[in-house]
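Here are a few notes to read alongside the model. Please keep the structure open while you go through the points.

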Amino acid sequence: QLSLFRLIMKRFFSTSHSSVDSKEMKKFQLLAHKWWDEEGEYSALHSMNDIRVPFIRDTLLNMSSNYHLGNPLSGVKILDVGCGGGLLSEPLGRLGASVTGIDPLEDNVRTADQHKSFDPVLAKRIQYRSSSLEEIVEECMETFDVIVASEVVEHVADLETFIKCCSQVLKPEGSLFITTINKTQLSYVLGIVVAEKILGIVPEGTHEWEKFVPPEELQRLLESNGFSVKTVNGMLYNPLSGSWSWMESTSVNYAMHAVKSGARGQSSPTDALSEMEREQSSATAGTAM
């Protein structure tokens, strides 16, 4: 009886406080088979790997004293939220990380599973699940060293619930990496009018400007949920070359790195030292990009 009650409560919670937006799911359902077409609708996400993967890798290496040659992220447990077809999960797996990719759309997970099966190494390092973030909270409390949510927060129904869940499944002092789109007039012109309606870089209707998140708002939400924001970098996409680069301005796209605060009352002098080193390294990581 108790387990039935818990199941009912879980169902109630996941439907009433879900960060998954059913309208968004319908949009991505139509494109689920196209994730690995590098010239297709997701070409800009493929080329984004050229900057987002080194940003994640170098930030984590600057925070760690353990370095495995050839597999720099060996032993790191990463949760890729809204993993889609696995475009970011796979390069992180190749760096040695143990990756769990979750996506509420079963067709995306099917595509991701099929693609990783071509590489026996990745097949061992990556597991995919058709699930929302809320659904895994109970079984994955403080499980992951790192969460990546790349091009996801502008599609969720409830951002605060999403951030809370990220905090719950992340270990103390774990890292959260987010890339998303700012809510500015420029982001409306470039992200929707130019990218969707004129150039067709992404399918029309992919984004809703109202759901774009300013970095100040994201930082406030993160800090009120026990995170400390370490780095905010602007990103620029060049549609002519199809490439991404870092820039100072966050007026269109940006990447953010935040660290969950450690367990209270357990800090030591070495913790304080590593915290100082981290802050210095994140400052240099931001300028090195």
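How many disulfides does a search of the whole structure find?

1. **Cysteines.** The search finds 0 disulfides in this predicted model. Take Cys-165: the nearest cysteine sulfur belongs to Cys-166 and is 7.3 Å away, whereas a disulfide needs two cysteine sulfur atoms within 2.5 Å, so Cys-165 is in no disulfide. Cys-165 is also buried, at 4% relative accessibility. Cys-83 is buried too, with a relative accessible area of 5%.

2. **The largest nonpolar core.** This core has 37 residues, and Leu-73, Ile-78, Leu-92 and Val-148 have the most contacts inside it. Among the elements that give it two or more residues are the helices α3 (43-63) and α5 (106-116) and the strands β3 (126-130) and β4 (144-150). The most comes from α3, with 8 residues.

3. **Ile-78 up close.** Leaving aside residues up to four places away in sequence, Ile-78 touches Leu-73, Leu-92 and Val-148, and its other partners include Ala-97, Val-99, Phe-144 and Val-146. Ser-98 and Thr-100 are also touched by Ile-78.

4. **A second core.** Separate from the first, there is a core of 31 residues, with Leu-159, Val-213, Val-229 and Ala-258 among them.

5. **Glu-154.** You will find Glu-154 in the loop between β4 and α8 (159-169). What is the nearest side chain of opposite charge to Glu-154? That is Arg-52, 9.1 Å away, and the buried Glu-154 has no salt bridge. The side chain of Glu-154 does make a polar contact with the side chain of Thr-180, at 2.8 Å.

Notes
Residues are numbered from 1 along each chain as its sequence is written. This is a predicted model: local features need pLDDT of at least 70, side-chain atom pairs count only at pLDDT 80 or more; totals for chains, interfaces and linings use all residues. Side-chain values use heavy atoms; hydrogens and water are left out. Buried means under 20% relative accessible area, exposed over 50%, partly exposed in between (1.4 Å probe, protein chains only). A nonpolar core is a set of buried Ala, Val, Leu, Ile, Met, Phe, Trp, Tyr and Cys residues joined through side-chain atoms within 4.5 Å. Helices (H or I, at least four residues) and strands (E, at least two) are DSSP runs, numbered from the N terminus. Contact means heavy atoms within 4.5 Å. Lys and Arg count as positive and Asp and Glu as negative; His and the chain ends are not counted. A salt bridge is a side-chain nitrogen of Lys or Arg within 4 Å of a carboxyl oxygen of Asp or Glu. A polar contact is a pair of N or O atoms within 3.5 Å; within protein, one must be able to donate a hydrogen and the other to accept it, and residues adjacent in sequence count only if both atoms are side-chain atoms.
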